[in-house]
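Student: Before we look at individual residues, could you take me through how the labels used for a model like this one are reached? I would like to see each value set against its cut-off.

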Amino acid sequence: MLRLEHVRKQYKDFALDCSLQVKEGYITGLIGANGAGKSTTFKAILGLIRADGGTVEILGKPAEEITAKDKERLGVVLADSGFSGYLTVKDIAGVMKGMYKGFDTEDFKRRCEQFSLPLDKKVKEFSTGMKRKLQVLAAISHKADLLILDEPTAGLDVMARDELLRLLREYMDAEGRAILISSHISSDLEGFCDDIYMIDRGQIVMHEETDVLTDEYGLLKVSEEQYEKLDKEYILRYRKESFGYSVLTGQKQFYQENYPDIVIEKGNIDELIMMMIRGERR
């Protein structure tokens, strides 16, 4: 559905070099700290910035060959853009109907009411969370095959995030669809995505199936003496702590079987991010 091969963009103090793939039937997450390159990657995919090199393939075609009809198969939410504040939801429904043949006006309005979005109120009067709900609902209401969602849950409370993610799961019930989603709320992605890419300083530093991350990755908590005796082959990152070392591994079971006396924590994606970015390489 989507493939990037060494897509590069150079700014004065930032360089992007990104490769990733989104497969049909997959929800793929892109995680990283603010400024890591998530939004730059999304803009490069959509041609909103001119890449300095590399290739982008969308829906099986080079990005430069994508037609207007192909674009109707995309649903997009960007973190720093949205609808004109002077439009109402009803106005937006009319605009979307004119742009997309597959746009379902009644379904869009029904979902807006479901998410407490008033149909006759101007967007500029909406809260940040309401605007984000509106963007996502518009993106899924024209039967797109590929959703490209940059921080779609930003500004939403816990209940609204849960409703929105449930809506996206329902979207994926149909065959031939895929989602690329970024979020700084990593707990959303941990229970939502099939696979996850981690980006840091413009580079992809890790890619794993989510099940592998949750089942096979772990944090070892060891004293300095224990650390010295560890087999270092499966250590990804380590960090000096007051008690000794925190150690990130992608082979938790190896250490469980061979070092029964050390503390091994399952860890979550937040801790994984911190270790991958701030931890030392072996």
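Tutor: Let us begin with a cut-off: a residue counts as buried under 20% relative accessible area, as exposed over 50%, and as partly exposed in between. Please keep in mind throughout that this is a predicted model.

Student: Why is Tyr-238 called partly exposed?

Tutor: Tyr-238 has a relative accessibility of 22%, and since partly exposed covers the range between the 20% and 50% limits, Tyr-238 counts as partly exposed.

Student: What makes Tyr-245 buried or exposed?

Tutor: The relative accessibility of Tyr-245 is 13%, and because buried means under 20%, Tyr-245 counts as buried.

Student: Why is the pair formed by the rings of Tyr-238 and Tyr-245 called stacked or edge-to-face?

Tutor: The structure holds 7 aromatic pairs. In the pair of Tyr-238 and Tyr-245 the ring centres are 6.0 Å apart and the planes stand at 65°; rings pair if their centres lie within 6.5 Å, and planes over 60 degrees apart count as edge-to-face, so this pair is edge-to-face.

Student: What makes the rings of Phe-254 and Tyr-255 a pair, and of which kind?

Tutor: Their centres lie 5.0 Å apart and their planes are at 90°, so the distance meets the 6.5 Å limit and the angle meets the condition of over 60 degrees, and the pair is again edge-to-face. Phe-254 and Tyr-255 also belong to one aromatic cluster, together with Tyr-234 and Tyr-259.

Student: How do you know whether Phe-254 and Tyr-255 are buried or partly exposed?

Tutor: Phe-254, at 21% relative accessibility, counts as partly exposed, because the buried class is reserved for values under 20%. Tyr-255 has a relative accessible area of 0% and is therefore buried.

Student: Where does Lys-221 sit, and why is Lys-221 called partly exposed?

Tutor: Lys-221 is placed in strand β11, which spans residues 218-222. Its relative accessibility is 23%, a value between the 20% and 50% limits, so Lys-221 counts as partly exposed.

Student: What does Lys-221 touch?

Tutor: Apart from residues up to four places away in sequence, Lys-221 touches Gln-226, Phe-243, Tyr-245, Ser-246, Val-263 and Glu-265. With Val-263 the separation is 42 residues in sequence, while the C-alpha atoms are 5.2 Å apart in space.

Student: What makes the approach of the Lys-221 and Ser-246 side chains a polar contact?

Tutor: The two side chains are joined at 3.2 Å, and because a polar contact requires N or O atoms within 3.5 Å, one able to donate a hydrogen and the other to accept it, this pair is listed as a polar contact.

Student: Which positions outside glycine show a positive phi, including Leu-59 and Ser-116?

Tutor: Leu-59 is one of them, with phi near 55°, and Ser-116 is another, with a positive phi of about 60°. Leu-59 lies in the loop between β4 (53-58) and β5 (61-62), whereas Ser-116 lies in the loop between α4 (105-114) and α5 (128-140).

Student: Why do Leu-59 and Ser-116 count as buried or exposed?

Tutor: Leu-59 has a relative accessible area of 15%, which is under the 20% limit, so Leu-59 is buried. Ser-116 has a relative accessible area of 57%, and because exposed means over 50%, Ser-116 is exposed.

Student: How do you know that Thr-153, in the loop between β7 (146-150) and α6 (158-171), is buried?

Tutor: Its relative accessible area is 2%, and since buried means under 20%, Thr-153 is buried. Leaving aside neighbours within four places in sequence, Thr-153 is in contact with residues including Arg-132, Arg-161 and Asp-188.

Student: And what makes Ala-44 buried?

Tutor: Ala-44, found in helix α1 (residues 38-45), has 10% relative accessibility and therefore counts as buried. Beyond its neighbours within four places in sequence, Ala-44 is in contact with Val-7, Ile-49 and Val-56.

Student: How many residues of the chain are there, and what share is buried?

Tutor: The chain has 282 residues, of which buried residues make up 48%.

Notes
Residues are numbered from 1 along each chain as its sequence is written. This is a predicted model: local features need pLDDT of at least 70, side-chain atom pairs count only at pLDDT 80 or more; totals for chains, interfaces and linings use all residues. Side-chain values use heavy atoms; hydrogens and water are left out. Buried means under 20% relative accessible area, exposed over 50%, partly exposed in between (1.4 Å probe, protein chains only). Helices (H or I, at least four residues) and strands (E, at least two) are DSSP runs, numbered from the N terminus. Contact means heavy atoms within 4.5 Å. Rings of Phe, Tyr and Trp (its six-membered ring) pair if their centres lie within 6.5 Å; planes under 30 degrees apart count as stacked, over 60 as edge-to-face and the rest as tilted.
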